[in-house]
Amino acid sequence: MSAVVAAIGFGLVTAAVLALAAVGFTLQFGVTNILNLAYGDVMTASVFAAYGVTLLGGGLLLALSAGAVGGAVLSLLLNRCLYMPFLRRGTELFGMIIVTISAALIIQYAFLAALGPIFFRLPVGEGNVVRLGAMTFTTNELLIMGMAVVAMAGIHVVLRYTRIGKAMRATAGDPALARSCGIPTGRVIDIAWLASGALCGLAGVSLAITLATFTAGTGSAFLVPIIAAAVLGGVGQPYGAMLGALTVGIVSEVSAVYISPQYKSVAAFTILILVLVIRPHGIFAEVSASRGLAA
Amino acid sequence: VSTAAQYYITTLLVYAGVDVVACWGLNLQFGVAGINNFAFIVFQAIGAYTAAVLALGPSTPDNFQQYVGAGPLPFPLPILVAALAGGLAAVIVGLVGLLRLRTDYQAMVLLVISLIATTVATNSTIVNGAAGIAVVPKPLFDTLGLSLLDYQWAYVGLTAVICVLAYLVVHRITGAPLGRAMRAMRDNEPAAAAAGKNVFRLRMIAFVVGGALAAVSGAVLVLFVSAWSPAGWLYPETFVYFAAVIVGGRGNNMGALIGALLVPVAFLEATRFLPDLVNPTFISSMQWIVIGVVTLLFLWFWPRGVVPERRRRPLEPGNGRVMRLMSGRTQRRTDR
């Protein structure tokens, strides 16, 4: 039993990282309707930005901030310099997916070509071990989980109670109607990319800390769990993504105890597929149903 | 021509044939029927494993590799059974991924399926785990009694025959009313459905035939190179074939053929001659960067590819309205 409790502890850490990433992914998809498969590689780039800062002597908090800023800037640039021009040229939905994969390949393999297949390590220390019953966490992990909770609460407050949050929800619901109501959708979309990029960067640095090492392929390897969490909750639904992240994180770690550690991602993905077969819109169906993504 | 050059040329020709068959399969799914099959490489892998295992026969406990096997079956059967296995897998995946999902969701679910398949194959002994299957016997090698070099050329001949057969299959579909209905579904699904087309059936046909062709390409490849491991079919590999179909011109078989010769063969072979300057992964990284850049350039400058799909006109005035409706011409065309 204590093995299961310990596994739930690991699952909470995974879920915290996954929630940061999945909420960023789903927020951007909900507002802009672009399935950004370069998201994982923006994560990698943010981690390298954070790594650069730690080499200059920055600590954990500075590394997290550098990751967030790096992710936000790169996301905005990707949208402004690559995705928007293709959209304006009339590239359709499928074409945009291919554009984002191309961007993903270019970013990931530019790092690999420049740096080689080397394992890097963020020099931010291990942190002390804290025991809570059968669960053990490092102080770094507690910090990450705390940050995830704060970020989720912050997103909830912004989306529910501020003008920009309202504008984002309106743009996600119906961009044309939002524009004709006087919402500056261009600026809202920019803000969505910045916010999603910042979450992506935070998630990337957190991932690099929980995994202890990272490579040029770390982010892209994490992309599929992110997608699984986002789709599980219903794409475009921040609350769904939080729930999806918890499900994927805990199920994968607990199944590692019962089945085998190698299959932990498979268990979570199998749940995703079952959910999609039974309830194709995901758990929270609002956005995907209104877009006609699933029949 | 020196012996070494002949080995290089024959190997390249077999690879080209494999890529052409695979691209025809993907073009049928993605170019003609509009399915974003991001799990395409899995079907190639299924074909490869099926053929490899059937050519090897069951593994014995003292064998150096462990897998679930049967046979050994005589030569053409491993390829035929591989095609069946690919088609069957496509039916199963299609029922999960295509029945109720569209566009983005399909793409994401198929991506996840691709990753599940790689994880299971890597960590189980169904197909010998991460090491993969090796020493697959070359078909008819003992029977023919040729020298190694002559056998290479014979295999080029076999690949050519399979390419011709594959072309007959895809041409039979794309040139027929069935292919027209698939294109109508791709361009305007509600209109195709309103005209009485069963869009799920159309999608499944494209998916299953494409899956079987992918499996055949994998079978031909594995019987030639004699080994196959999960590292060879990670999900980014699917994207090479997508790039090929986009560069060649999606929606027509000639485009897929030219794309297969240009992208996996020409571009990737060209980067092989780059100096290995920086680090051991430099060349393979450059290959992926080239694939990404070429795809972006084509989507920007020539989104319809080297050989654009022929715009089909309604046959007769009497049929005109229905045909126009079905080809989506009354709707906003997005593939300018």
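B:Asp187 is a good place to start: in this predicted model, the residue is partly exposed, with 29% relative accessible area. It forms a salt bridge with B:Arg186, and the closest N and O atoms of the two are 3.1 Å apart. B:Arg186 itself counts as buried, because its relative accessibility of 19% falls under the 20% limit.

B:Arg186 has another partner as well. A salt bridge joins it to B:Glu309, again with 3.1 Å between the closest N and O atoms. This pair connects distant parts of the chain: B:Arg186 belongs to helix α7 (residues 177-187) of chain B, while B:Glu309 sits in the loop between α12 and α13 (320-326), 123 residues apart. Both B:Glu309 and B:Arg186 are buried.

Next comes a salt bridge between B:Glu189 and B:Arg203, whose closest N and O atoms are 2.6 Å apart. Here too, distant parts of the chain are linked: B:Glu189 is in helix α8 (residues 189-194) of chain B and B:Arg203 in helix α9 of chain B, with their positions 14 residues apart in sequence. How buried are the two partners? B:Glu189 counts as buried at 18% relative accessibility, and B:Arg203 is buried with a relative accessible area of 7%.

Through shared partners, salt bridges also join B:Arg183, B:Arg186, B:Asp187 and B:Glu309 into one network. Over all chains, a search of the whole structure finds six salt bridges. Here are some of them, side by side.

| Pair | Closest N to O |
|---|---|
| B:Asp187 and B:Arg186 | 3.1 Å |
| B:Glu309 and B:Arg186 | 3.1 Å |
| B:Glu189 and B:Arg203 | 2.6 Å |
| B:Arg250 and A:Glu92 | 3.0 Å |

The last row takes us to the place where the chains meet. How many salt bridges are there between chain B and chain A? The count is one, and it is made by the side chains of B:Arg250 and A:Glu92, at 3.0 Å from N to O. For polar contacts, three residue pairs are found across this interface, with both residues of each pair at pLDDT 80 or more.

Which elements of chain B give two or more residues to the side that touches chain A? They are α4 (103-123), α10 (236-248) and α12 (282-301). Of these, α4(B) supplies the largest share, 14 residues. Sorted by class, this side of chain B has 30 nonpolar, eleven polar and six charged residues.

In total, 47 residues from chain B and 51 residues from chain A take part in the contact. Together the chains bury about 4400 Å², and 73% of that area is on carbon and sulfur atoms.

Aromatic rings complete the tour. Over all chains, the search of the whole structure finds 20 aromatic pairs. One of them is formed by B:Tyr49 and B:Trp233, an edge-to-face pair at 6.0 Å centre to centre with 80° between the planes. Why does this pair tie together parts that are 184 residues apart in sequence? B:Tyr49 lies in helix α2 (residues 40-56) of chain B, whereas B:Trp233 is in the loop between α9 (199-225) and α10 of chain B, so the pair spans that separation. Both B:Tyr49 and B:Trp233 are buried.

In chain A, ring pairs build a cluster whose members are A:Phe48, A:Tyr51, A:Phe111, A:Phe120 and A:Phe214.

Note on methods:
Residues numbered from 1 in each chain as written. Chains lettered and ligands numbered in written order. Predicted model: local features only at pLDDT ≥ 70, side-chain atom pairs only at ≥ 80, totals over all residues. Heavy atoms only, no water. Contact = heavy atoms within 4.5 Å. Buried area = accessible area lost by both parts, 1.4 Å probe. Salt bridge = Lys/Arg side-chain N within 4 Å of Asp/Glu carboxyl O. Polar contact = N/O pair within 3.5 Å; in protein donor to acceptor, adjacent residues only side chain to side chain. Helix = DSSP H or I, 4+ residues; strand = E, 2+ residues; numbered from the N terminus. Nonpolar A, V, L, I, M, F, W, Y, C, P; charged D, E, K, R; others polar. Phe/Tyr/Trp six-rings, centres within 6.5 Å; stacked < 30°, edge-to-face > 60°. Buried < 20%, exposed > 50% of the residue type's maximum accessible area, 1.4 Å probe, protein only.
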